[in-house]
Structures are given as C-alpha cells and as structure tokens.
Amino acid sequence: MKRRWIGLRIAVSLCAALGWWGLIYPELTLTPETVKVSMETEDGRLQELPGEWDFDSSLYQEILDADRSKITFRSRLLKDLGLFLEAIHDRSGNK
C-alpha cells in the first residue's frame with residue numbers, strides 16, 4: 001500500500017511540475033496544436049479562424065488582454081469525465 005501511495009505522489013508531483021513550467025514558459029504549452037482561435041457564427045456553431053500563428057506573433061498577449069467572456073476552455077478529458085460521472089449517476093438512480 002505504501003508503494004502505491006508513493007507512486008501516486010510521484011505522478012501528482014510530475015503533473016504539478018509540468019503545469020508550473022507551463023506558467024513560467026507559456027510557449028511550452030501554447031502551441032498551434034493546443035490553442036484554436038475560433039468564433040461563434042450566428043447559428044451557434046464554432047468556426048475556426050484561418051491562418052497560422054507562431055508564439056512570437058503576440059497570441060499570448062492577446063489571450064492575456066482578452067475579456068473573460070471571449071475565452072472558453074474546452075477539454076476532452078473533462079468532457080469525457082463528466083459523461084462518465086453522469087452515466088454512473090444515472091445507473092445508480094435507476095436502481
């Protein structure tokens with residue numbers, strides 16, 4: 001049991017360290033693969049804006065200066081986790 005606890009602490013520490021370095025050096029985490037600039041159309045769909053960008057083109061500064069209502073966070077992991085928890089809740093409610 002103690003080995004599992006140590007392994008869990010190591011995994012959490014690694015995740016925290018990587019997240020911390022993402023705050024210190026945002027160019028490590030803000031890449032074209034992780035950030036998509038899009039706008040919402042009149043019918044409610046998201047349309048990705050064309051154009052390539054690099055970190056030197058001030059995307060980071062634009063994100064810092066943006067209004068809170070203009071930024072939305074999307075995470076497939078959190079979305080899937082929410083669906084999983086919802087399924088568990090539904091299953092336990094139907095018993």
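Helices here are DSSP runs of at least four residues, and strands are runs of at least two, numbered from the N terminus. On that basis, this predicted model has three helices and two strands. From the N terminus on, the elements run α-β-β-α-α.

Start with helix 1, which spans residues 2–24. Leu-8 is found in this helix. Is Leu-8 buried, exposed or partly exposed? Its relative accessible area is 47%. Buried means under 20% and exposed means over 50%, so Leu-8 counts as partly exposed. Leu-8 also belongs to a nonpolar surface patch. The other members are Trp-5, Ile-6, Ile-10, Val-12 and Leu-14. Together the six residues make a patch of about 610 Å². Patch residues need over 30% relative accessible area, and the 47% of Leu-8 fits that.

How much of the protein is buried? Of its 95 residues, 6% count as buried.

Now turn to the largest pocket. About 1,200 Å³ of space lies in it. The lining has 25 residues, and the closest to the pocket centre are Val-35, Lys-36, Ile-71, Thr-72 and Phe-73. Which elements give two or more residues to this lining? They are strand 1 (38–40), strand 2 (46–48), helix 2 (59–65) and helix 3 (76–93). The lining is mixed in character: 12 of its residues are nonpolar, six are polar and seven are charged.

Last comes a charged pair. Asp-43 forms a salt bridge with Arg-45. Their closest N and O atoms are 3.0 Å apart. A salt bridge calls for such atoms within 4 Å, so this pair qualifies. Are the two partners buried or exposed? Both Asp-43 and Arg-45 are exposed. The count of salt bridges in the model comes to one.

Key. Residues numbered from 1 in each chain as written. Predicted model: local features only at pLDDT ≥ 70, side-chain atom pairs only at ≥ 80, totals over all residues. Heavy atoms only, no water. Patch = residues over 30% accessible without salt bridge, like charges linked within 9 Å, V, L, I, M, F, W, Y side chains within 5 Å. Areas by Shrake-Rupley, 256 points an atom, 1.4 Å probe, with all protein chains shown as cover. Salt bridge = Lys/Arg side-chain N within 4 Å of Asp/Glu carboxyl O. Buried < 20%, exposed > 50% of the residue type's maximum accessible area, 1.4 Å probe, protein only. 1 Å grid on protein atoms, 1.4 Å probe; cavity = no way out; pocket = protein on both sides within 12 Å on 5 of 7 lines; lining within 4 Å. Points joined across faces, edges and corners; volume = space filled by probe spheres on them. Nonpolar A, V, L, I, M, F, W, Y, C, P; charged D, E, K, R; others polar.
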